[in-house]
Amino acid sequence: MEKETIYFDNAASTRMDERVLSAMKPYLFDVYAVATSEFGYSLGIEAREALDDARENILSALGNPAGKLIFTSGSTESSNIAIKGVVKKLSGKKGNHVIVSKIEDFPVLNSAKSLEREGFKVTYLDVDKYGLVDMDQFKDSISKETILVSIQHANQEIGTIQDIKTIGEICRKNNIVFHSDATHSFMRVPMDLSKLGVDLLTISAHTIHGPKGIGALFLREGVSIAKWIDGGFQEFDLRAGVENIPGAVGFAKAVELVTEEENERLGNLRDYLIEKVQNEIPYVTPNGHPEKRVPHNANITFHYVEGESITLHLDMKGFSVSTGSACFSKSLEASHVILGIGGDHERAHGSVRFTLGRFNKKEDVDGIVKALKEIVSQLRAISPLKGEKVR
Amino acid sequence: MNFPYNEKVLEHFKNPRNVGSIEDPDGKSTEGSPACGDMVSVYIKVEEDAKRIKDIKFESYGCASNIATGSIITELAKGKTLDEAKNISWQEASDALGGLPKIKTHCSVLAVDGLRAAIRNYEEKHGLIKERISTTKEIVLKRLRHVMNPLAGLDLVRTNLITGIKVENGIVEVTVDLPEGHQFANNIREEIMEKIESLWDINKVIVNFNG
């Protein structure tokens, strides 16, 4: 890399905080033993204590709910364990129906599709124009056969936060297990699991300036899942394999480093970005809910232009963002989230996601809006779509 | 820096040649639609005697490869006779750009189609279509290959959405395997009409949805 990248894709992944690396280092070079039982040797006991501490600290950030925190390789694995583990445990005993929203991220969506291929019935709930799940449809779709509901806490693309509290209450009342993917809201939005009816929660480290390759699944007391990986007895005999202790320690450190002030700063910066774009660039539509949204996400459609062209121009100027345009994806499919909120392909094609992180400054926002203004006007000038409105 | 395209493509993307529209063009076309993602308009001015393209401009609502191909195709076509320009292939355009990613064929082929359609438009307007071939099912099918299925980003034929074509007494009837109330039904209907109506012996186009 020749010049510094100004990174606005923190929902995809983040730059790790140096302090996280410092916390991890001793567990790579000094306390490198596997976690042994309390009757093992001292280096192993030290490793186990570090693992237990990390677990405890993350649970405490979730409000100390009664249950287990299972470390995984990341949120994709967590959601896979949650959905397939619950279904495997309950199928044959209860029903065969699962409910998800249609704007879930791929780990949940494709786990649901995989269950469907195995013969399960899956309901994909519609969302309104802001991305909120249709609660009437949700209640109506519940039947005696329903064994699992998986509805995300916040959306990966447009940042909309679901009413997890009400969804949890409905699940409790109907005795249905409730999983929520909180990859994009964990630590960015207050979450007290001791007060929410969430039975399983997916979280990840690399979206909050922690290391890649580590995530976790919270499993509430009394909810059981089938063993996910066979082998030893690690992770409560649910996920075998040598524990990623440096990762777990780094994860806990990353959790510790997120503060309310930081989230407030990101929220203000995000509002500043959206306002500046709206003031300086015509024909834009912000996507997602105006209030019920994570503080670090802005998603904006720039009409009459295509997203990949915007991201490539931005990239050449040193800014990293992502888009819901089909041309940006390997599959050439437009964003299922923007289509899910009732947007047409044009809206998806021109959508750009900006996600902020710890290292973004106000100048970065000024810089990217200045660049966007030039790029969008250049692309609109060559677009046959400009029509009367833009001229 | 590791960009997804080679330098030549990036250069044409950043500074596309022959951009804009021509007032009162001799030939004009629009391929693709916003519903499908990419869209290209091509305008040509033709030297009447020599049948040579003396000016060409394009507009693009599309991704980088779409813009770059539009740019290179106008460079390649300028000064060529209509017959020469008609034969410029996607491969030639791609080669002139030093190669395009394969997955981007769909986005870039649109510019090539746009040029050919603008030439055809000129020829139709000037009565230059020499062989007046009667429209057949095959001809209709060929044109439907240029109508996109917005759900897949590929054309209707390739995605098996065309379940019936009838050509009789100047009337073409096309059946699409989508429900009448489908979100893209109207877009698709309009595009089919546009592509088929211009055939010289067709007076009416009927599009049915029965998915």
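A nonpolar core is a set of buried Ala, Val, Leu, Ile, Met, Phe, Trp, Tyr and Cys residues joined through C-beta atoms within 7 Å. The exercises below use this term for a predicted model.

**Exercise 1. The nonpolar cores**

Find which residues of the largest nonpolar core touch the most other members, and which helix gives the most to this core.

Solution. Begin with the membership: the largest nonpolar core holds 141 residues, and those that touch the most other members are A:L148, A:F218, A:A248, A:V249, A:F251, B:I44 and B:L115. Helix α5 of chain B, which covers residues 105-125, gives the most to this core, namely ten residues. Next, look for a core that stands apart: there is a second, separate one of 14 residues, and B:L156, B:I162, B:V176 and B:I196 are among them. Finally, take A:F251 and set aside its neighbours within four places in sequence; the residues in contact with A:F251 are then A:A54, A:I58, A:A205, A:G210 and A:I214.

**Exercise 2. Two residues with positive phi**

Decide whether A:M187 is buried or exposed, and do likewise for A:H209.

Solution. First locate A:M187, which lies in the chain A loop between β6 (177-181) and β7 (200-204), and note that A:M187 has a positive phi of about 75° although it is not a glycine. The cut-off for a buried residue is 20 or more other C-beta atoms within 10 Å; because A:M187 has 24 C-beta neighbours inside 10 Å, A:M187 counts as buried. Then turn to A:H209, whose place is in the loop of chain A between β7 and β8 (215-220), and whose phi is also positive, at about 65°, although A:H209 is not a glycine. A:H209 has 26 C-beta neighbours inside 10 Å, and therefore counts as buried.

**Exercise 3. Chain A as a whole**

Describe how chain A is divided into domains, and explain why chain A is as compact as a globular protein of its length or not.

Solution. Start with the division, which gives domain 1 (18-257) and domain 2 (259-390); the C-alpha centres of these two domains of chain A lie 29 Å apart. Their contact takes 19 residues from domain 1 of chain A and 21 residues from domain 2 of chain A, and on the domain 1 side the residues divide into eight nonpolar, seven polar and four charged. Next, count the elements: chain A has 15 helices and 13 strands. The radius of gyration of chain A is 22 Å, close to the 21 Å that the globule rule gives for 391 residues, so chain A is as compact as a globular protein of that length. Of these 391 residues, 52% count as buried.

How values were computed. Residues numbered from 1 in each chain as written. Chains lettered and ligands numbered in written order. Predicted model: local features only at pLDDT ≥ 70, side-chain atom pairs only at ≥ 80, totals over all residues. Buried ≥ 20, exposed ≤ 12 C-beta atoms within 10 Å, placed from the backbone. Helix = DSSP H or I, 4+ residues; strand = E, 2+ residues; numbered from the N terminus. Contact = placed C-beta atoms within 7 Å. Domains from an automatic or database assignment. Nonpolar A, V, L, I, M, F, W, Y, C, P; charged D, E, K, R; others polar. Rg over C-alpha atoms; globule rule 2.2 N^0.38 Å.
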